[in-house]
Structure formats: structure tokens, C-alpha cells
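Work through the exercises below with the model open. Each task is followed by a stepwise solution.

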Amino acid sequence: MTDTAAFEARSTGEFAFVGSPVPEPHGGSRSLAGEIRAAMAGVQAGLDSVGCALTDVVKATCYLAEDAYRGDFWAAWAEWFPADAHPVRLTLVAALPYQDRVRLEVLAERA
């Protein structure tokens, strides 16, 4: 199993859209912290692939399999996005495939 799997990324002239990696089925073997890190690293790799950086992210939609994951997720989020550079964020609790606990999608604005 790899830390990150293929991310989804698409860009237009002004915007880039990136989805966190769709991981290999892991059957819950990865820790929550590891899954959050993998999702964030995948987003960063996707942004890099279309010529953007985390600082270009203006909006994020975050999906968590359980509401109990919010504290861990927000702590990890703060490591990737400093308080003065947080994009607009919507965090939803949703049923996710492959026993995933975290999925992300971001919108970045090209500088």
C-alpha cells in the first residue's frame, strides 16, 4: 500500500480543482492520522501537478465518515493551513467508499 494514490486534478485558466487521492482499499488498516496525512499530501501533489500551491486554495470541502473525527482532522488541517491562510472550508459527515474516513476536494485560484 502506498501513502498516496492517484489524485484527481483539473485546471482551467483561472482555477484548479483537486480531489484527494482515492486510496487503495485498506480495510481500516491505516490510522486516522495516517489517512488524514495521505489525503492532505494527495491534495498538495494534485495542486503541484497543475502549478498551484496550498496558499492558492480558496475553498475546501472536507468529508469525514464520522463526526468524532473532526478534532483530529482540524488539528491536522492547522498544520497544513496556517491560521492566517485558511481557505473557506465546509466539513461534512458522509458515508465514504472503501472504508475511507476522510476525503477532500479543493478549489485553488491561480495567481
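**Exercise 1.** In what order do the elements of the protein chain run from the N terminus on?

Solution. Note that the model is predicted. Start with the inventory: the chain has two helices and five strands. Then read along the chain: the order is β-β-α-β-α-β-β.

**Exercise 2.** Work out the strand order of the sheet and find its edges.

Solution. The five strands make an open sheet, ordered 1-2-5-3-4, with mixed pairing. Strand 1 (8-11) and strand 4 (88-93) each have a single partner strand, so they stand at the edges with one side lacking a neighbour in the sheet. Next, the twist: neighbouring strands are turned by 10 degrees against each other on average, direction ignored.

**Exercise 3.** How do strand 1 and strand 2 run, and how many bridges join them?

Solution. Strand 2 spans residues 15-19 and is antiparallel to strand 1, with four bridges between them. Take one pair as a check: Glu 8 has Gly 19 in strand 2 as its bridge partner.

**Exercise 4.** Place both helices against the strands.

Solution. Take helix 1 (residues 32-49): it packs on the sheet and touches strand 1, strand 2, strand 3 (57-64) and strand 5 (102-109). Its direction makes about 25 degrees with that of strand 5. Helix 2 (residues 70-80) lies across strand 3, strand 4 and strand 5. Helix 2 runs at about 155 degrees to strand 4.

**Exercise 5.** What share of the protein chain is buried?

Solution. Apply the cut-off of under 20% relative accessible area. Of the 111 residues, 40% are buried. Now the surface: the accessible area is about 5,900 Å², and carbon and sulfur atoms hold 54% of that.

Notes
Residues are numbered from 1 along each chain as its sequence is written. This is a predicted model: local features need pLDDT of at least 70, side-chain atom pairs count only at pLDDT 80 or more; totals for chains, interfaces and linings use all residues. Side-chain values use heavy atoms; hydrogens and water are left out. Two strands pair if DSSP finds at least two bridges between them. Axes are lines fitted to C-alpha atoms, for helices over the stretch in contact, and angles run from 0 to 180 degrees between N-to-C directions. Contact means heavy atoms within 4.5 Å. Buried means under 20% relative accessible area, exposed over 50%, partly exposed in between (1.4 Å probe, protein chains only). Accessible areas come from the Shrake-Rupley method with a 1.4 Å probe; for residues, only the protein chains shown count as cover.
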